[in-house]
Amino acid sequence: PDLFAALAATVTTTVKQPDPKGEKSPRLQTYSWPWEGFRSWRDARERLGNFEKKFKGKIIWHPFNDSTSNDGPMSLNAFPGRAFIERVTNEGDANIELKASLDSSKMPESPREAVARWFGLSDGALTSGDKDKVQRLAASTVTVAAFVGNPDDPKDCVLDARDFGIGLTATEMPKTILTLNRGLKKNKLYLTGKHGQGASSTYQFADLTLIASRNTGSKKVAFTLVEGTWDEEGKTPTYCYLTVDGLIPEVEVSEADFPAGTLVRHIGYTAADLFNPVGENSMYGLLMRSLAEPLFPVWLQVYNLRDEGEELGYPTFAG
């Protein structure tokens with residue numbers, strides 16, 4: 001529970017912010033940090049170290065696919081922004097999977113047909129539909145949060161992909177999100193993903209990646225950390241995930257604090273070209289140019305963590 005709370009619990013505070021010119025009434029403003037007591041993306045290593053001391057002898061870093069030579073699929077995408085887009089695609093698939101699990105009729109034959117049937121997103125709905133309705137849908141399905149800091153440090157970024165879809169159990173995680181090239185979506189025509197490797201390219205750009213997930217209806221949240229480790233004589237890294245006594249850790253957390261779905265938190269993510277709040281070289285610009293004919297709207301929040309007289313956590317863009 002301590003490690004989960006230390007790295008997965010986003011802290012949000014809402015305060016009244018006055019208009020600097022005094023022309024308008026104060027408005028509610030939200031400030032956020034990736035976790036309680038946030039100082040830097042380097043916090044994660046310190047907190048992981050404390051966890052490893054507490055569970056000394058019980059922690060095993062298990063290699064993806066039971067292979068120490070598993071870096072190939074991880075390094076296929078050389079661009080950190082484009083690799084992250086695969087995470088966003090997976091968010092949409094998780095929401096579709098939830099709807100599919102509740103429908104006993106014949107499955108849709110394409111992702112476009114799936115979102116039309118289950119989410120009312122027909123062609124053109126994202127551009128010409130009810131704006132408020134589309135925004136509400138985005139906030140409850142596919143969300144992205146970027147906590148960005150000093151642009152002189154290319155890893156001063158915590159990048160979240162959070163869906164509110166079907167979620168995973170601790171037993172399911174090693175067979176799904178913690179595997180490579182299993183082709184679990186190959187025969188599911190209603191999903192976008194196919195090969196089971198695209199989003200894994202993000203691991204190479206993060207110092208650590210936290211994955212936390214609650215399966216729909218479960219009382220527990222399963223979570224783990226992913227890292228690439230190097231042997232002294234190795235040519236390439238081995239990507240592993242954390243287990244305790246060989247199992248994915250679980251923790252009881254209220255649904256209010258962690259609703260069903262999956263959070264993938266990329267900590268210390270190399271995203272030097274994504275530090276601007278808007279424009280081509282920003283997360284907003286990346287989503288706009290890289291999500292070709294997106295199925296879902298995306299709710300994006302960008303938080304400026306630079307300490308330049310402003311309180312840490314000030315949101316520079318949300319939309």
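So, helix α8: which of its residues are buried? In this predicted model, the buried ones are Met283, Gly285, Leu286, Leu287 and Ser290. And what covers them? The cover includes helix α4, along with the strands β4 (142-148), β5 (157-163) and β11 (299-304).

Now look at Tyr284, which also sits in α8, a helix running over residues 283-290. Is Tyr284 buried or exposed? Neither, quite: Tyr284 has a relative accessible area of 33%, so we call it partly exposed, the class between under 20% and over 50%. Together with Val278 and Met288, Tyr284 makes up a nonpolar patch on the surface, and the three share about 290 Å² of accessible area.

Okay, on to α4, since we just met it as part of the cover over α8. Helix α4 covers residues 80-101, and its axis comes within 10 Å of the axis of α5, residues 111-119. How do people describe a pair like that? Two packed helices are described by the angle and the distance between their axes. Here the angle is roughly 60°, and the crossing is left-handed. If you want to find the meeting place on your screen, look on the α4 side for Asn95, Ile96, Lys99 and Ala100, and on the α5 side for Ala114, Val115, Trp118 and Phe119.

Last stop, Thr202. You'll find Thr202 in the loop between β5 and β6, with β6 being 208-214. It's a loop residue, but Thr202 counts as buried because its relative accessibility is 0%. Which residues does it touch, leaving aside neighbours within four places in sequence? Thr202 is in contact with Ala83, Phe84, Arg87, His266 and Tyr269.

Terms used
Residues numbered from 1 in each chain as written. Predicted model: local features only at pLDDT ≥ 70, side-chain atom pairs only at ≥ 80, totals over all residues. Heavy atoms only, no water. Patch = residues over 30% accessible without salt bridge, like charges linked within 9 Å, V, L, I, M, F, W, Y side chains within 5 Å. Areas by Shrake-Rupley, 256 points an atom, 1.4 Å probe, with all protein chains shown as cover. Salt bridge = Lys/Arg side-chain N within 4 Å of Asp/Glu carboxyl O. Helix = DSSP H or I, 4+ residues; strand = E, 2+ residues; numbered from the N terminus. Buried < 20%, exposed > 50% of the residue type's maximum accessible area, 1.4 Å probe, protein only. Axes fitted to C-alpha atoms, helices over the stretch in contact; angles between N-to-C directions. Left-handed = near helix turned anticlockwise from the far one by under 90°. Contact = heavy atoms within 4.5 Å.
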